[in-house]
There are 2 protein chains.
Amino acid sequence: MATIYDVARIAGVSPKTVSRVLNGDAPVGKATREAVQAAIAQLDYVPSNAARMMRSHRSGLIGLITGAISMSPEPTQPAGLPELFIVQGIQKSLANSGMTLMIADTGGVVEKAVPLIDTFLRHRVEGLIYVAEYHQKVALPVISDGTPMILANCFDDRGTPAILPDDWRGQHDLVARLITAGHRRIGYLTLRPEIAAGRLRLEGYRAALQADGIPYDAALVANCDLEGRDGETQLLWEAIDRMLRLSSPPTVFCCGNDKMALRVYGILRSMGRKVPTEVSVAGYDNYRVIAETLYPPLTTVDLPYTAMGVRAAQRLMAMISGETREEKGPTLVAGPVYWRDSVTELRPANVSLLKSVREE
Amino acid sequence: MATIYDVARIAGVSPKTVSRVLNGDAPVGKATREAVQAAIAQLDYVPSNAARMMRSHRSGLIGLITGAISMSPEPTQPAGLPELFIVQGIQKSLANSGMTLMIADTGGVVEKAVPLIDTFLRHRVEGLIYVAEYHQKVALPVISDGTPMILANCFDDRGTPAILPDDWRGQHDLVARLITAGHRRIGYLTLRPEIAAGRLRLEGYRAALQADGIPYDAALVANCDLEGRDGETQLLWEAIDRMLRLSSPPTVFCCGNDKMALRVYGILRSMGRKVPTEVSVAGYDNYRVIAETLYPPLTTVDLPYTAMGVRAAQRLMAMISGETREEKGPTLVAGPVYWRDSVTELRPANVSLLKSVREE
DNA sequence: TTCTCTTATGACACCGATGACATGACACCG
DNA sequence: CGGTGTCATGTCATCGGTGTCATAAGAGAA
């Protein structure tokens, strides 16, 4: 592989002049420049990043650690896809910064993050991003040198800067919108409370009910999330069956996520209940493969992964450039409600009445 | 950041001795080694890959280019996920080789591969892998220096080593299995013929029919693939409706892929046809989120992405180590049929009869 | 006892860029 | 016409490791 010295010799100039042509950091005569460029082309010269980095101490690398690429060991788990959008957002917002993103994968094993971080540090990355597969708490090793680090879709208790989805607000907005559509009895098939999204979304659901003066009814809430294990469909079936037999049954089922909604579609159809004319369904995640392909298309809440990625990259770049005015605490990013045909607008007359009343 | 000189000074040895401790390439006295290790720990020393590479000329890097991370601009396209499995396979098989995988993303724009390759060459990667989002032909720039390159899920007409799914065999095996199950009238809702998978699978379908002496009936084949544009559901509806009205209607619908099968489920249910009791459905891809979550679970053909990734990594490593006995042409990887409840076994009595007849 | 032969370690140059500084050639100014 | 500034280019040292070779200290052989 040709070096800058070879180029210099062919072009009849000093290596430093070649360097100037490459970097444009000092004026170079037109004829000289052209000679250098010709030599570069002739030799297929590609500068060595390693050598450049030795002197400049700037690697131009950002390290990204994720489990996105390996799926979780449970084959039924759809993991992976969400994180991709985060990574995509990061890419997009890093593309113009001159930084190169190095992505490494934990293979789903969190412990593997340690050697990966080490590898990145050997490459002298200027910043690190850790992307988790779902909203969760993590405990990564402390980076002893000062390399800035950002957590995306996760947080720790050391106060490492984090970018998180605003699950509370998302569920709140969805339920508020359902209420606006005239729904009063809102069933909620929740995610397991052990995960952050499960807790926050349930709180958002309760808050939205309360804001409209609708009492919380525990009979309308069921945790049917078995973490991907078998029996989930049966659990859902039983919960739905039970709720539909209530004297005042729900007019809509909110599902912990879109994948659960996909199951619920199948169950309701097997029960002979038509969606959305007899009962409405809403999801969460805006997992497009499901939400847009289902018939009818699914009303859901967008998990703003791309936006989170963009924010993560921005916040990291701010840290790298040593911006003083730095945000503290996690950055919450809310996603919009996607209103599709899986939810019926109930009693539109009454709704407009309600609305006008509320507006007074 | 500490250097090897700092460590040497603290430990009271020469930098070269520290280097020996780090690399274990020459014997070092026990006491000395321990002193060095203590100094490394004390300083949080992390060696610089750049400096190391300057002399040794071995980067230990493999460059991977993909569009997996950015989804295609069409939001309805499920792209991305499949490639991930390929990348996962590559990771897995590279993990023990001491190589670090650098992943870069084209953002869905194939032209971006050029600057990305350049970036990789600047980092002096020892090998390159290009992963395409679906089985297709590509035209990448020639790598002028001798860096080995592998294509995964795609091929070019320069004979660059490629790893491809065996779409022909997959569809063939599925249809053969359907025939074994007693199906004789097999509808096929194909992918568009412009893509490699569309052509190869259709050929596999025809070959399997022919192998069992079943005549090919064009009325049972329809291309309903609009490349994600609207109207696909309607097109499918019409095709299915037309086929079901035939005097001898299909007993099973093969779908171009699992996502199409998801749509077909919805359509058949809307038509009041029960799956699988009244009509069977099969997909392709083994796109688990769909195939396993659907009710009933979908019979489909696995696209052996992980295996393809493993093969890609292996073949690349062989090229890097300058293995002489090198494979020529593309490596075809076949995936198994996943037999699930969406297909009815027809007339088992007759089937066994047929079988025994055939065995004579 | 002297001569190899390991073993353990150090000295030093070098990989391929770039930063700091120097230099020569003009142009412009008073 | 000398002083000053700008442009274009070169010289040289340096970044942080490692390959090569040298060397000192002991172990075993002659």
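This passage describes the contact between two chains, the surroundings of a DNA strand and a sheet in one chain.

The model is predicted: local features need pLDDT of at least 70 and side-chain atom pairs count only at pLDDT 80 or more, while totals for chains, interfaces and linings use all residues. Residues are numbered from 1 along each chain as its sequence is written, and chains are lettered from A and ligands numbered from 1 in the order in which they are written.

Chain A and chain B each contribute 48 residues to their contact (C-beta atoms, placed from the backbone, within 7 Å). On the side of chain B that touches chain A, at least two residues each come from helices H4 (49–56), H5 (81–94), H6 (113–122), H10 (258–270) and H11 (288–291) and from strand E2 (100–105); helices (H or I, at least four residues) and strands (E, at least two) are DSSP runs, numbered from the N terminus. This side comprises 22 nonpolar, 14 polar and 12 charged residues, where Ala, Val, Leu, Ile, Met, Phe, Trp, Tyr, Cys and Pro count as nonpolar, Asp, Glu, Lys and Arg as charged, and the others, Gly among them, as polar.

DNA strand C is surrounded by 26 residues (C-beta atom, placed from the backbone, within 6 Å of the strand). The closest are Ile4(A), Ser19(A), Pro27(B), Gly29(B) and Met54(B). The surface near DNA strand C divides into 11 nonpolar, 9 polar and 6 charged residues.

Chain B holds an open sheet of 6 strands in the order E2-E1-E3-E4-E5-E11, with parallel pairing (at least two DSSP bridges between two strands). Its edge strands are E2 and E11 (331–333) of chain B. Strand E5 (residues 162–165) of chain B is joined to E11(B) by 3 bridges, and Ile163(B) has Thr331(B) as its bridge partner.

How values were computed: Contact = placed C-beta atoms within 7 Å.
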